[in-house]
Amino acid sequence: MKYLAGFIGSGNMGSALAQAVAKTTCPNEIAVSDHSKKKAEDLASALGATAVDNAEIVKNAKYIFLGVKPQMLKKLFKEIAPLLAERNDEFVLVTMAAGTSISEITELAERSCPIIRIMPNTPVSIGRGIILFTANENVADTTEFCEMMKMAGTIDEIPENLIDAASCVTGCSPAWIYMFIEALSDGGVKCGLPRAKAISYACDALIGSAMLVKESGKHPGQLKDEVTSPGGTTIAGVHALEKKSFRGTVMDAVTSAYKRTLNLKK
Ligand SMILES: NC(=O)c1ccc[n+]([C@@H]2O[C@H](COP(=O)([O-])OP(=O)(O)OC[C@H]3O[C@@H](n4cnc5c(N)ncnc54)[C@H](OP(=O)(O)O)[C@@H]3O)[C@@H](O)[C@H]2O)c1
């Protein structure tokens with residue numbers, strides 16, 4: 001049985017990407033595997049895909065997604081490199097491992113082959129994510145790949161030397177944004193709003209504000225100024241945030257994540 005896409009690792013990101021691919025691809029063209037057979041079976045049954053072992057994916061999938069943590073890659077490649085060596089049909093390795101370059105994956109694969117390095121974020125599972133990608137010279141054309149991934153959200157090609165920095169803004173930020181939503185709704189609850197309404201309003205405020213930045217093309221600082229009337233309520237909140245170094249703290253989050261990305265395999 002041949003598959004268009006095979007996902008090794010049915011964890012958070014492997015399953016989010018498999019869900020996106022299942023919207024553009026016939027489910028029987030998707031195979032999934034995992035250390036935990038049950039995890040792979042649960043994902044396969046949710047998608048109508050097939051749960052197999054790693055070897056089956058490496059032998060028979062055109063796009064082989066490597067959905068394991070960067071620290072687990074060495075072990076995985078020990079198992080799959082001999083199988084990759086036997087392949088003489090067309091295949092593409094798709095790596096999503098943070099902080100792991102295409103040349104490192106080539107070394108682990110022990111052969112030159114087409115590799116697409118992606119940096120996704122978890123909202124791809126609902127079609128509102130971002131997939132940044134860069135391909136090596138062995139990938140002749142990325143049209144089919146982009147078509148397969150199009151229901152994930154925004155797909156954007158980026159030079160490999162920028163992908164680690166970009167990943168901190170796209171891949172890590174959902175966690176920080178969830179913290180912000182939680183904090184905003186906590187504030188609402190403290191002021192008497194019911195929890196469900198507070199969370200819902202915080203989400204809508206965030207989505208709407210982000211869309212306004214994108215659609216107006218205005219700098220976020222200008223939009224902030226437009227909300228803050230002199231002596232008003234919003235500038236009082238801006239002052240409270242700035243007293244606690246809100247922007248500096250967010251910048252520190254990005255640079256801390258970046259530093260960690262560069263040392264991830266240690
Ligand atoms: N999560 C994100 O938001 C995010 C964003 C961008 C990029 N990524 C990248 O996506 C990759 C996966 O991250 P994740 O968050 O999805 O991790 P995860 O939730 O831990 O999923 C990884 C899965 O792969 C399994 N696994 C490990 N080694 C395996 C092997 N040799 N064969 C088969 N299955 C194996 C793990 O099983 P065990 O738990 O039993 O080991 C686990 O179920 C990482 O490289 C990460 O850098 C993640």
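In this predicted model, an N or O atom in the side chain of K69 lies 3.2 Å from an oxygen atom of the ligand. A second lysine also reaches the ligand. A polar side-chain atom of K39 is 2.6 Å from a ligand oxygen atom. H35 takes part through its backbone. There, an N or O atom lies 3.0 Å from a nitrogen atom of the ligand. On its own, the ligand has 890 Å² of accessible area, and the protein covers 80% of that.

Now look at the whole shell. It holds 21 residues around the ligand. M13, D34, K39, N54 and V68 are the closest. Thus K39 appears both in this closest group and in a polar pairing with a ligand oxygen. Sorted by class, the shell has 11 nonpolar, 7 polar and 3 charged residues.

Where does the ligand sit? Its place is the second largest pocket. Two elements give two or more residues each to the shell around the ligand: α1, spanning 12-21, and β6, spanning 115-120.

Next, step back to the pocket itself. The second largest pocket contains about 1100 Å³ of space. Its lining counts 39 residues, and those closest to the pocket centre are M13, G67, V68, K69 and P70. Several elements give two or more residues to this lining: α1, α4 (73-85), β6, α8 (173-190) and α12 (246-262). By class, the lining divides into 18 nonpolar, 15 polar and 6 charged residues.

Two names tie the views together. M13 and V68 are among the residues closest to the ligand, and both are also among those closest to the pocket centre.

Note on methods:
Residues are numbered from 1 along each chain as its sequence is written. This is a predicted model: local features need pLDDT of at least 70, side-chain atom pairs count only at pLDDT 80 or more; totals for chains, interfaces and linings use all residues. Side-chain values use heavy atoms; hydrogens and water are left out. A residue is near a molecule or strand if one of its heavy atoms lies within 4 Å of it. A polar contact is a pair of N or O atoms within 3.5 Å; within protein, one must be able to donate a hydrogen and the other to accept it, and residues adjacent in sequence count only if both atoms are side-chain atoms. Accessible areas come from the Shrake-Rupley method with a 1.4 Å probe; for residues, only the protein chains shown count as cover. On a 1 Å grid over the protein atoms alone, a cavity is a set of points where a 1.4 Å probe fits but cannot get out, and a pocket is an open set with protein on both sides within 12 Å along at least five of seven lines; lining residues have an atom within 4 Å of a point. A molecule sits in a cavity or pocket if more than half of its atoms lie within 2 Å of its grid points. Helices (H or I, at least four residues) and strands (E, at least two) are DSSP runs, numbered from the N terminus. Ala, Val, Leu, Ile, Met, Phe, Trp, Tyr, Cys and Pro count as nonpolar, Asp, Glu, Lys and Arg as charged, and the others, Gly among them, as polar. Grid points are joined across faces, edges and corners, and a volume is the space filled by probe spheres set on the points.
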